[in-house]
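Please explain this structure to a reader who is meeting it for the first time. A guided account in running paragraphs is requested.

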Amino acid sequence: MKRLLSLCFFFTVGLSLSAAQAATTLLTNVNGYTLNTEGELVRFSQLLVEDDIIIAMDEGITAAQLKEADVIDGLGNTLLPGLIDAHGHLLGLGQNLLEVDLRGTRSEAEAVQRVASFVGPAAKQGQWVVGRGWNQVLWDVPEFPVKDTLDNILPNNPVVLSRIDGHALWVNSKALEMAGITASTTAPAGGEIVKNAKGQPTGVLIDNAMLMVEALLPVPDDAQLKAQLDAATQHLLSVGITAMHDAGIPKNTYDFYQAQARKDSLGVRVYAMIAATDPQLPEMLNAGHILDPQRMLSIRSVKAYGDGALGSRGAALLAPYSDDHDNHGLLVTPQEQLPSLFRQVLGANFQLNFHAIGDRANRLALQQFAKTFGEFPENTERHRVEHAQVVAVEDIPLFKEYGIIPSMQPTHATSDMNMAEDRIGAQRLKGAYAWQTFLKQGSRIAFGSDFPVELANPFHGLHAAVTRQNAAAEPAEGWIVSESVTLTQALRGFTLDAAYSGFQDEYLGTLEVGKKADFILIDRDIFAIKPALIRDTQVLQTWVNGQRRY
């Protein structure tokens, strides 16, 4: 054997690989778990990597191969396939890490104080102040915030604060003024300008109305995008994510990712979905599928937007909200535009990933997929509904019948459980966050987090999927525990089936000979501990393409 490298050495290396790294590496003395292609759990203790490919495991490793390998002693730590987040927002996470973070605030006053502390006394007049993460449902007074509290601290700076789910904005008077929003302004279709009893804008804009302000935000240049990319990448690697599906990118990000791939500057694999709302969608579709030689970047899908979110009552429902009897939610893409949109995407041989949270949005998506498949029978596989959060019970079998993948986020259930029944009532909960129901009918679920809406840590998602509990282990027996999944099923959702949902299962998702060497070492055996402890798992090492990145 060439040399033995201690585990602790690798903790001191940065993102780039040491120049001394050999082409062949043996990881030995590991407590390895993977799924095979059939989804069965497999254990192993040794893994041999040549460049970026797994070439042998356990008894398949020959003496001749051992002579040429650098050996890393895993010290008995658990090794898993690199985890794949099937729905996130990469640069959004980076932006969130670099701007005002309102996650966890318990009142409107606390959120305002965080903005004031972030900006400090040096804010230049007219400078945009941007942040994300507020959630009025968790505040001491669970009501939408108002512009006046922001005006008190920043009257001369436009302030734009996104709700945690990204489906509502809280802005101040300066931002409303710049957008030309007044009492007489009519909201665009699929949006709402929240107004008070006197008809005045309160400072909250929902779904498509957000575009009126967002259109004014300065477009980040490449240096800002690179800062966001680097911040997000380092964070994802630190929590064991080696690949992610970026749910909705505009043209400038489409170009930026390709430039980064050419420079070998992507630290995690990116499966990017083009935003259906981008004016240059036809140009990007005409360019065809994008796949770089290292398979760090894949672009072959489109993210379309059906409705809003449950927390802001923008999810489109078949019947009114249980706590707002005059409100059915919002269709972000009008129903009459769905046929042409579906034909455009499927006709270009792209995957269509349709955001649908409410039962009406899910039904419209399923119906339109079925109709469009008749026009394009050559492109009917692996299309997705993003979230599939509240589905009419009678519509769930259609996912299996049409081959639609439900792309779901376990932590959404544990974040929403405090308000979901208020929004939709007990009856509609029977088709909500229904992971086990989907699995029992044979659907493959792609699991993710929707970061930065939720925290990106996939062990939070694994924990939520298995326990149906939040970080405080509430509720004691789990929320609608009949829809919980086994740990093997949850791991499959974050590995094999996430890879499948991105047409990447031939080289990602499991640790098998011939596949890419993406794996992580963690500090505990998640299959041997109490499920409550999964959430606190710490990542020791993260490898992508046969290189140690963290």
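**A walk through the model**

Two bridges connect strand β10 with strand β11, which covers residues 129-134, and these two strands run parallel. One pairing can be picked out by residue: Asp101 has Arg132 of β11 as its bridge partner. The model described here is a predicted one.

β10 and β11 belong to an open sheet of six strands, arranged in the order β10-β11-β12-β13-β15-β14, with mixed pairing. The edges are formed by β10 (100-101) and β14 (191-195), each of which pairs on one side only.

The edge strand β14 contains Glu192. Is this residue buried, partly exposed or exposed? Glu192 counts as partly exposed because its relative accessibility is 35%. Leaving out residues up to four places away in sequence, Glu192 touches Ala187, Val204, Leu205, Ile206 and Ala209. Asn208 is 16 residues from Glu192 in sequence, and the C-alpha atoms of the two are 7.3 Å apart in space.

A contrasting setting is found at strand β20, residues 351-356. Six of its six residues are buried, so β20 is largely enclosed by the rest of the structure. In a regular strand, side chains alternate between the two faces of the sheet. Both faces of β20 are covered: Gln351, Asn353 and His355 are buried on one side, and Leu352, Phe354 and Ala356 are buried on the other. Strand β19 (residues 297-305) runs parallel to β20 and is joined to it by five bridges. Within this pair, His355 of β20 stands opposite Tyr305.

The nonpolar interior comes next. In soluble globular proteins, nonpolar side chains tend to be buried together. The largest nonpolar core here has 97 residues, of which Leu236, Tyr257, Val270, Val302, Leu310, Trp435 and Phe459 touch the most other members. Helix α12 (residues 359-375) supplies the largest share of this core, with six residues. Apart from this core lies another, of 19 residues, including Val100, Trp139, Leu154 and Val194. Leu236, in the largest core, is in contact with Leu90, Leu93, Ile241, Met244, Val268, Phe451 and Ala456, when neighbours within four places in sequence are set aside.

Helix α12 also has a part in covering another helix. In α15 (residues 420-428), the residues Ala420, Arg423, Ile424, Gly425 and Arg428 are buried. Among the elements that cover them are α12 and α14 (410-416).

Two acidic residues complete the account. Asp85 is found in strand β9, residues 83-88. How far away is the nearest side chain of opposite charge to Asp85? That side chain belongs to Arg384 and is 7.9 Å away; Asp85 is buried yet has no salt bridge. A polar atom of the Asp85 side chain does lie 3.0 Å from the backbone nitrogen of His87. Beyond its neighbours within four places in sequence, Asp85 is in contact with residues including Ile241, Met244, Phe451 and Ala456.

Glu454 is located in the loop between β23 (446-447) and α17 (458-467). Glu454 is likewise buried without a salt bridge, and Arg103, the nearest side chain of opposite charge, is 5.1 Å away. Which side chains make polar contacts with Glu454? One polar contact, of 3.0 Å, joins its side chain to that of His412, and another, of 2.9 Å, is made with the side chain of Ser415. With neighbours within four places in sequence left aside, Glu454 is in contact with Arg103, Thr411, His412, Ser415 and Ser449.

Methods. Residues are numbered from 1 along each chain as its sequence is written. This is a predicted model: local features need pLDDT of at least 70, side-chain atom pairs count only at pLDDT 80 or more; totals for chains, interfaces and linings use all residues. Side-chain values use heavy atoms; hydrogens and water are left out. Two strands pair if DSSP finds at least two bridges between them. Helices (H or I, at least four residues) and strands (E, at least two) are DSSP runs, numbered from the N terminus. A nonpolar core is a set of buried Ala, Val, Leu, Ile, Met, Phe, Trp, Tyr and Cys residues joined through side-chain atoms within 4.5 Å. Buried means under 20% relative accessible area, exposed over 50%, partly exposed in between (1.4 Å probe, protein chains only). Contact means heavy atoms within 4.5 Å. Lys and Arg count as positive and Asp and Glu as negative; His and the chain ends are not counted. A salt bridge is a side-chain nitrogen of Lys or Arg within 4 Å of a carboxyl oxygen of Asp or Glu. A polar contact is a pair of N or O atoms within 3.5 Å; within protein, one must be able to donate a hydrogen and the other to accept it, and residues adjacent in sequence count only if both atoms are side-chain atoms.
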